[in-house]
Amino acid sequence: MFQVILLDRKTGQQVQPRSYPNGLDQYKIAKDIVEYAGQYGTVIVPMGAGTGKTIMTILALGELIELDTVRNALDGRHRAVLIEPINAIGEQVRNDFTHKFVLVSRSRKLAYRVATIFGKNRYQCAIDPTITADRAKCSVCTLLRRLKSCPHFTPAVTSEIYGRFQSRVSVATSYQCVAGTCYILGGTTQCPYYAALQEAYIS
């Protein structure tokens with residue numbers, strides 16, 4: 001039995017999986033993804049656009065997190081990252097998991113939060129509204145110079161990088177990421193991109 005299920009956000013009822021002509025459905029394919037990922041590490045699902053791959057992937061990621069929770073109790077690191085190549089899919093995921101669906105753990109009776117962030121070119125610079133965040137001063141040079149260039153630059157870094165800059169950063173917030181303990185450098189920010197990053201990673 002799958003340890004995670006997809007519920008309709010309005011009715012609270014389980015969403016029925018999409019079925020395919022070969023007799024499989026989204027849960028069965030997600031189960032195969034989990035099994036093969038455990039064996040081989042990489043899984044390729046050759047299915048066309050609009051066939052429900054994103055939902056299958058999110059189900060599979062939720063299941064993998066649940067398995068890790070049971071086997072290793074990963075110190076609260078119950079996270080996964082889904083990277084999509086186009087913004088339209090990111091918009092779809094944000095819309096689906098804000099208004100339509102909720103991913104729920106059967107055993108732990110909790111709902112997973114699915115946060116969505118986009119590339120810097122989707123956000124306006126907090127200092128110069130005529131450019132996007134990917135063209136701002138904080139997007140070039142070394143990390144230390146970028147920290148000095150803008151008060152709204154609050155990047156997420158690994159514990160290793162934080163250790164190198166700890167003495168030069170007055171405020172840092174730790175959180176559990178897929179790599180262990182990571183840090184958001186700096187405090188509150190008016191930058192739309194880094195505000196979205198903080199919302200996704202910490203909240």
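Strand 1, residues 4–8, is largely enclosed by the rest of the structure, because four of its five residues are buried. In this predicted model, strand 1 runs antiparallel to strand 2, which spans residues 101–105, and five bridges join the two. Within this pairing, Val4 has Ser105 of strand 2 as its bridge partner.

The protein as a whole contains six helices and six strands. Their order along the sequence follows the pattern β-α-α-α-β-β-α-β-α-β-β-α. The C-alpha atoms fill a box of roughly 55 × 40 × 35 Å when taken along the principal axes. Of the 203 residues, 36% count as buried. Among contacts between residues at least 6 apart in sequence, 58% join residues at least 24 apart.

A second antiparallel pairing is formed by strand 5 and strand 6, the latter comprising residues 180–185, with six bridges between them. Strand 5 and strand 6 form a hairpin, and two residues lie between them. Gln176 is located in strand 5 and stands opposite Thr181 of strand 6. The side chains of Gln176 and Thr181 also make a polar contact, at 3.1 Å. Gln176 counts as partly exposed, since its relative accessibility is 27%. The C-alpha atom of Gln176 is separated by 23 Å from that of Arg106, a residue 70 places away along the chain. As a general matter, the side chains in a regular strand alternate between the two faces of the sheet.

Helix 6 contributes a set of buried residues, namely Tyr193, Tyr194, Ala196, Leu197, Gln198 and Ala200. The elements that cover these buried residues of helix 6 include strand 4 and strand 6. One residue of helix 6, Tyr194, is also touched by His152. His152 is placed in the loop between helix 4 (143–149) and strand 4 (156–158). With a relative accessible area of 17%, His152 falls under the 20% limit and is therefore buried. Apart from residues up to four places away in sequence, His152 touches Ala126, Ile127, Thr189, Gln190, Cys191 and Tyr194. For Gln190, a polar atom of the His152 side chain lies 3.2 Å from the backbone nitrogen.

The empty space of the model was examined next. Rolling a probe the size of a water molecule over the atoms shows where such space is left. The largest pocket holds about 1,100 Å³ of space. It is lined by 34 residues, and those closest to its centre are Ala80, Val81, Leu82, Ala115 and Thr116. Two or more lining residues of the largest pocket come from each of helix 2 (53–72), helix 3 (87–100), strand 3 (110–112), strand 5 (172–177) and helix 6 (192–201). Helix 2 provides the largest share of this lining, with four residues. Classed by type, the lining of the largest pocket has 23 nonpolar, eight polar and three charged residues.

The second largest pocket contains about 710 Å³ of space. Its lining consists of 33 residues, with Gly52, Lys53, Thr54, Ile55 and Thr57 nearest the centre. Helix 1 (26–40), helix 2 and helix 3 are the elements that give two or more residues to the lining of the second largest pocket. Helix 2 gives the most to this lining, with nine residues. By class, the residues around the second largest pocket divide into 19 nonpolar, 10 polar and four charged.

Thr54, among the residues nearest the centre of the second largest pocket, is found in helix 2. Thr54 counts as buried, because its relative accessibility is 14%. Beyond its neighbours within four places in sequence, Thr54 is in contact with Leu82, Glu84, Ile89, Gln92 and Val93. Of these contacts of Thr54, one is with Leu82, a residue listed among those closest to the centre of the largest pocket. Helix 2, in which Thr54 lies, thus appears in the linings of both pockets, giving four residues to the largest and nine to the second largest.

Terms used
Residues numbered from 1 in each chain as written. Predicted model: local features only at pLDDT ≥ 70, side-chain atom pairs only at ≥ 80, totals over all residues. Heavy atoms only, no water. 1 Å grid on protein atoms, 1.4 Å probe; cavity = no way out; pocket = protein on both sides within 12 Å on 5 of 7 lines; lining within 4 Å. Points joined across faces, edges and corners; volume = space filled by probe spheres on them. Nonpolar A, V, L, I, M, F, W, Y, C, P; charged D, E, K, R; others polar. Buried < 20%, exposed > 50% of the residue type's maximum accessible area, 1.4 Å probe, protein only. Polar contact = N/O pair within 3.5 Å; in protein donor to acceptor, adjacent residues only side chain to side chain. Contact = heavy atoms within 4.5 Å. Pairing = 2+ DSSP bridges.
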